[in-house]
Amino acid sequence: MQSDFWLGVMQFFINGIGIWGPGLAGWQRAREVFLEIHSYCQEDLSQPIPTFLPPNELRRSSEVVKWSLQAAHEALQQSHVSAHDVTAVFATSEGESAVLHQLCLALATTERVISPTLFHHSVHNAAAGYWSIGIESHQPSVSLSCYDSSFGGGLVEAGTHICANSTPVLLVAYDLAPPPPLYAAQPLTGPFAIALLISPQQLSHSFAHFSIRLVQGTGEETKMTEPSLEGLRKGNPAARALPLLAAIAKGKETQVSMNYLDDNQLLIDVTLCQSCQN
């Protein structure tokens with residue numbers, strides 16, 4: 001049996017959407033897939049190149065940084081909000097697992113020589129650091145992980161900041177499949193990155209209004225109707241956002257549910273703003 005254990009409800013508006021995944025290279029393409037204008041093709045995998053990064057940072061950046069920042073920059077551009085006014089929340093289940101793998105391989109050798117570049121990518125807030133450099137921001141950021149509930153954890157963190165400070169927040173959730181043998185511990189299905197620029201007030205170009213409740217007890221999660229998209233949703237923690245994006249793309253007011261941590265559930269009421277239907 002479910003019961004609310006928050007006294008209030010988190011509410012905010014979505015003003016920018018960024019997405020990068022297999023067959024979903026940007027919001028416009030993803031929207032056309034959700035509307036069935038184009039068929040979904042998992043094999044269509046475009047590699048992101050966040051060109052707003054300075055050349056040296058772009059050259060040194062990892063795949064995780066490139067995927068997360070590609071989505072982040074798209075959401076920021078759509079929002080018409082100044083980058084210097086935005087707090088960032090970065091949420092990931094695995095973080096830099098490929099970098100961790102390479103460090104473990106180096107430590108297993110006789111020399112144990114660690115690349116300084118690899119070492120500085122090993123921290124959990126690497127993507128947030130590159131984001132701050134790329135947009136020249138001095139705003140605070142939070143980097144968190146909640147395993148399979150990382151997108152939900154990021155949504156809660158971003159909503160909490162909105163409630164406490166009434167300033168815009170950029171939420172970025174991302175995960176790439178780790179290499180073996182780490183893959184056996186967290187077998188993710190494909191890479192995926194999603195970014196939402198949220199604010200406490202509705203703007204002229206707002207996409208949707210989210211109202212979020214946290215309830216005790218797990219239940220049936222909202223699923224994607226297309227089997228391959230459902231496989232991506234289940235197989236990558238960041239892709240738990242897909243039903244929310246599909247509802248916005250279709251202009252569908254609905255409630256999306258997702259399990260959160262071990263025995264809780266997030267219920268998200270999606271109300272469409274006029275701009276997202278144009």
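Which residues line the largest pocket? In this predicted model, the lining is made up of Thr222, Lys223, Met224, Thr225, Pro243, Ala246, Ala247, Lys250, Lys252, Thr254, Gln255 and Val256.

## Pocket and cavities

The space in the largest pocket amounts to about 200 Å³. Two elements, helix 9 (242-250) and strand 9 (254-260), each contribute at least two residues to the lining of this pocket. Helix 9 provides the largest share, four residues. Sorted by class, the lining of the largest pocket comprises five nonpolar, four polar and three charged residues.

Enclosed space was also searched for: across the whole structure, two cavities of 30 Å³ or more are found. The table sets out the volumes and the composition of the linings.

| Space | Volume | Nonpolar | Polar | Charged |
|---|---|---|---|---|
| Largest pocket | about 200 Å³ | five residues | four residues | three residues |
| Largest cavity | about 50 Å³ | seven residues | four residues | no residues |
| Second largest cavity | about 40 Å³ | two residues | three residues | three residues |

The largest cavity is bordered by Leu76, Ala83, Val86, Ala88, Trp131, Ser132, Ile135, Ser137, Gln139, Pro140 and Ser141. Helix 6 (residues 126-135) supplies the largest share of this lining, three residues. No charged residue is present in the lining of the largest cavity.

Around the second largest cavity stand Asp148, Ser149, Gly152, Glu221, Arg240, Met258, Asn259 and Tyr260. Strand 9 gives the most to this lining, with three residues. Strand 9 also supplies at least two residues to the lining of the largest pocket. In the second largest cavity, three of the lining residues are charged.

## Aromatic pairs

Five aromatic pairs are counted in the model. In one of them, the ring centres of tryptophan 27 and phenylalanine 207 are 6.2 Å apart and the planes meet at 85°; because this angle is over 60 degrees, the pair is edge-to-face. This pair links distant parts of the chain, 180 residues apart: tryptophan 27 belongs to helix 1 (residues 27-34), while phenylalanine 207 sits in the loop between strand 7 (192-199) and strand 8 (208-216). Tryptophan 27 has a relative accessible area of 6% and is therefore buried. Phenylalanine 207, with a relative accessible area of 14%, is likewise buried.

How are the rings of phenylalanine 52 and tryptophan 131 arranged, and what are the distance of their centres and the angle of their planes? The centres lie 5.6 Å apart and the planes are at 75°, so this pair is edge-to-face. Phenylalanine 52 is in the loop between helix 1 and helix 2 (55-60), and tryptophan 131 is in helix 6, so the pair ties together parts that are 79 residues apart in sequence. Both phenylalanine 52 and tryptophan 131 are buried. Trp131 is also one of the residues lining the largest cavity.

One aromatic cluster is formed by Trp27, Phe34 and Phe207.

## A buried polar contact

Glutamine 265 is part of strand 10 (residues 264-272). With a relative accessible area of 2%, glutamine 265 is buried, because buried means under 20%. The side chain of glutamine 265 makes a polar contact of 3.4 Å with the side chain of asparagine 259. Asn259 is among the residues that line the second largest cavity.

## Cysteines

How many disulfides does a search of the whole structure find? The search finds zero disulfides. For cysteine 163, which is in no disulfide, the nearest cysteine sulfur is that of cysteine 273, 17 Å away. The cut-off for a disulfide is a pair of sulfur atoms within 2.5 Å. Cysteine 163 has a relative accessibility of 52% and so counts as exposed, whereas cysteine 273, with a relative accessible area of 6%, is buried.

## Backbone features

The peptide bond from proline 180 to proline 181 is cis, and its omega is near 5°. Proline 181 occurs in the loop between strand 6 (169-175) and strand 7.

Serine 166 is not a glycine, yet has a positive phi of about 55°. Serine 166 is placed in the loop between helix 7 (150-165) and strand 6, and at 45% relative accessibility counts as partly exposed.

Leucine 261, also not a glycine, has a positive phi of about 55°. The loop between strand 9 and strand 10 holds leucine 261, which is partly exposed with a relative accessible area of 44%.

Technical notes:
Residues numbered from 1 in each chain as written. Predicted model: local features only at pLDDT ≥ 70, side-chain atom pairs only at ≥ 80, totals over all residues. Heavy atoms only, no water. 1 Å grid on protein atoms, 1.4 Å probe; cavity = no way out; pocket = protein on both sides within 12 Å on 5 of 7 lines; lining within 4 Å. Points joined across faces, edges and corners; volume = space filled by probe spheres on them. Nonpolar A, V, L, I, M, F, W, Y, C, P; charged D, E, K, R; others polar. Phe/Tyr/Trp six-rings, centres within 6.5 Å; stacked < 30°, edge-to-face > 60°. Buried < 20%, exposed > 50% of the residue type's maximum accessible area, 1.4 Å probe, protein only. Polar contact = N/O pair within 3.5 Å; in protein donor to acceptor, adjacent residues only side chain to side chain.
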